[in-house]
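This briefing goes through the model one topic at a time, and it is best read with the structure open beside the text.

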Amino acid sequence: MKAERVVRGCFALSLAASVGLSLVYLAGGSRAWEGVLLAAALGGIAVGFILWATRLIDAPDNVEERREQKPGEGLGLISEVLEQSVTGVSRRKVLAGLASGAAASLGAALAIPSLSLGPQPGRSLFRTLWVPGIPAVDSEGGRVRPEDVPLSGIITVFPQGSEGAGDSQAVLLRVAPDLLSLPEARASWAPQGCLAYSKICTHAGCPVGLYRAQARELLCPCHQSTFDVLTGAAPVFGPAVRPLPQLPLAVDEDGYLVAQGDFSGPVGPSFWNVTQ
Ligand code: FES
């Protein structure tokens, strides 16, 4: 009976601690109290189950000698056995009820912090600020013509009106058009040999800010991922496995570079549903 009381006490403690944990969290939270209550909730349920398994379900083999039965004694024995089993069942029910209550309230207490999660990103990780027809500008907001782009260097460009936007920045460079070996669907994306790729490395998100003009490779200084600009920025060295997304370019009627649309894929490192 003593062990049973202890088990009940452990489950009741766990239940109370879980309810307390929820209340403390909903009231604004306190790291110290949340830690204490979580320890009590987990510890109570763990100790309760251990004691239940080791002290209450322990059923040693007992052999009772058969004895002579006197007339009329059977009825008394039967009622005694029935009484014991009813008491046993109700005790088990109490214990099981307490254990279920403790587990359910602990589950609820652990689920409540999910309310603190921020809004879902939705499609925002797949889009940037580049839209069809928007001019490509440098960090000062100046528009760029193809002939402004050096053959041996790069310019960082943004969609006009969003200079400095981190996820939309692109490196703009120029090569001789006859060197290009882009996929067929991108044949019109590089007017006069001008190419624009996302500046965010697809390995871990560093800015891809170095250009080896002779090798026509973009280099990320963080872990040396190297991208071949002539073939659509496919990785040729280093830990990155995904090409830098390409920005489709066009030249407007005034001779300035504009975007035909958004990048060819999500920018930056891969995430849960972008593995390549
Ligand atoms: S972040 Fe670019 S190589 Fe690692």
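Two strands are taken to pair if DSSP finds at least two bridges between them. In this predicted model, four strands that pair in the antiparallel sense form an open sheet with the order 5-6-7-8. A second open sheet, also described below, has five strands in the order 1-2-3-4-9, and the chain as a whole is divided into two domains.

**Domains**

- The protein chain is divided into domain 1, made of residues 2-59 together with 74-116, and domain 2, made of residues 129-259.
- Taken over C-alpha atoms, the centres of domain 1 and domain 2 are separated by 62 Å.

**The four-stranded sheet**

- In the sheet with the order 5-6-7-8, the edge positions are held by strand 5 (210-212) and strand 8 (234-237), each of which pairs on one side only.
- From one strand to the next, the twist of this sheet averages 35°.
- Strand 6 (residues 217-219) and strand 7 (residues 226-228) are joined by three bridges in the antiparallel sense, and within this pairing leucine 219 has threonine 226 of strand 7 as its bridge partner.

**Two loop residues with positive phi**

- Arginine 216, found in the loop between strand 5 and strand 6, has a positive phi of about 55° although it is not a glycine.
- Because 18 other C-beta atoms lie within 10 Å, arginine 216 counts as partly exposed, given that a residue is buried only from 20 such atoms upward and exposed at 12 or fewer.
- Glutamine 224 lies in the loop between strand 6 and strand 7, and its phi is near 65°, again a positive value in a residue other than glycine.
- Glutamine 224 is likewise partly exposed, with 13 other C-beta atoms within 10 Å.

**The five-stranded sheet**

- The five strands of this open sheet follow the order 1-2-3-4-9, and their pairing is antiparallel.
- Strand 1 (136-137) and strand 9 (246-247) stand at the edges with a single partner strand each, so one side of each is left without a neighbour in the sheet.
- Strand 3 (residues 170-174) pairs with strand 4 in the antiparallel sense over five bridges, and in this pairing the bridge partner of leucine 172 is alanine 196 in strand 4.
- Strand 4 (residues 194-198) is also joined to strand 9 by two bridges, with the two strands running antiparallel, and here tyrosine 197 has glutamine 246 of strand 9 as its bridge partner.
- Is strand 4 mostly buried or exposed? Five of the five residues of strand 4 are buried, so this strand is largely enclosed by the rest of the structure.

**A pair of helices**

- Two packed helices are described by the angle between their axes and the distance between the axes.
- The axes of helix 1 (residues 2-26) and helix 2 (residues 31-56) come within 8 Å and cross at roughly 155°, which means that helix 1 is roughly antiparallel to helix 2, since angles over 145 degrees count as roughly antiparallel.
- The crossing in which helix 1 passes helix 2 is left-handed.
- Where helix 1 is in contact with helix 2, the residues of the contact divide into 20 nonpolar, five polar and three charged.

Terms used. Residues are numbered from 1 along each chain as its sequence is written. This is a predicted model: local features need pLDDT of at least 70, side-chain atom pairs count only at pLDDT 80 or more; totals for chains, interfaces and linings use all residues. Domain bounds come from an automatic or database domain assignment. Axes are lines fitted to C-alpha atoms, for helices over the stretch in contact, and angles run from 0 to 180 degrees between N-to-C directions. Angles under 35 degrees count as roughly parallel, over 145 as roughly antiparallel, 65 to 115 as roughly perpendicular and the rest as oblique. A crossing is left-handed if the near helix is turned anticlockwise from the far one by less than a right angle, and right-handed if clockwise. Ala, Val, Leu, Ile, Met, Phe, Trp, Tyr, Cys and Pro count as nonpolar, Asp, Glu, Lys and Arg as charged, and the others, Gly among them, as polar.
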